[in-house]
Amino acid sequence: MNGIATILMFVFIDPYLSLMTDEVMEGKVEEPYFRRSIVWLTGCRLAGTVIAQIILVPTALWIVAVADWL
């Protein structure tokens with residue numbers, strides 16, 4: 001799962017940030033918008049990590065229960 005998330009981030013997020021960085025340097029996008037975008041992207045990544053940690057143990061227990069049932 002971590003590998004898939006890394007690939008998706010590389011494909012979708014990195015090009016967007018690179019483009020926005022270039023546009024900020026050229027003056028097409030204002031710096032406060034860029035900073036807000038970075039904060040939101042970082043916050044979403046942190047929230048995703050926390051949610052993944054919260055559901056890790058219940059999901060593992062569910063997998064064990066299904067394996068025992070089979």
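## Ser37 in helix H2

Ser37 is buried in this predicted model. Its relative accessible area is 11%, and the cut-off for buried is under 20%. The residue sits in helix H2, which covers residues 31-69.

Ser37 also serves as one end of a distance along the chain. Ser37 and Val57 are 20 residues apart in sequence. In space, 32 Å separates their C-alpha atoms.

## Ala52 and its distance to Leu17

Ala52 is another residue of helix H2. With 36% relative accessibility, Ala52 counts as partly exposed. That value falls between the limits of 20% for buried and 50% for exposed.

Ala52 and Leu17 lie 35 residues apart in sequence. Their C-alpha atoms are 24 Å apart in space. Leu17 falls within the residue range 2-26 of helix H1.

## Overall form

The protein chain has two helices and zero strands. Helix H1 takes in residues 2-26. Helix H2 takes in residues 31-69.

The chain has a radius of gyration of 18 Å. A compact globule of 70 residues would have a value near 11 Å. The C-alpha trace spans about 60 × 20 × 10 Å along its principal axes.

## Burial and surface

How much of the chain is buried? Buried residues make up 9% of the 70 residues. Ser37, at 11% relative accessible area, is one of the buried residues.

The accessible surface of the chain comes to about 6300 Å². Carbon and sulfur atoms account for 73% of that surface.

## The nonpolar patch on helix H1

Which residues make the nonpolar surface patch of about 650 Å²? They are Ile4, Ile7, Leu8, Phe10, Val11 and Phe12. These residue numbers fall inside the 2-26 range of helix H1.

Leu8 gives a closer view of the patch. This residue is placed in helix H1. Leu8 is partly exposed, at a relative accessible area of 43%. That passes the patch requirement of over 30%.

## Charges and salt bridges

The chain carries 4 positive and 7 negative charges. The mean positions of the two sets are 5 Å apart. Two salt bridges are counted.

One salt bridge joins the side chains of Glu26 and Lys28, at 3.3 Å from N to O. Glu26 is exposed, with a relative accessible area of 54%. Lys28 is exposed as well, at 63%. Glu26 is at the end of the residue range 2-26 given for helix H1.

The other salt bridge joins the side chains of Arg35 and Glu31, at 2.6 Å from N to O. Both residues lie in helix H2. They are four residues apart, about one turn of the helix. Are these two partners exposed or partly exposed? Arg35 counts as exposed, at 53% relative accessibility. Glu31 is partly exposed, with a relative accessible area of 40%. Glu31 stays out of the exposed class because that class needs over 50%.

How values were computed:
Residues numbered from 1 in each chain as written. Predicted model: local features only at pLDDT ≥ 70, side-chain atom pairs only at ≥ 80, totals over all residues. Heavy atoms only, no water. Patch = residues over 30% accessible without salt bridge, like charges linked within 9 Å, V, L, I, M, F, W, Y side chains within 5 Å. Areas by Shrake-Rupley, 256 points an atom, 1.4 Å probe, with all protein chains shown as cover. Salt bridge = Lys/Arg side-chain N within 4 Å of Asp/Glu carboxyl O. Buried < 20%, exposed > 50% of the residue type's maximum accessible area, 1.4 Å probe, protein only. Rg over C-alpha atoms; globule rule 2.2 N^0.38 Å. Lys, Arg positive; Asp, Glu negative; His and termini not counted. Charge placed at Lys NZ, Arg CZ, Asp CG, Glu CD.
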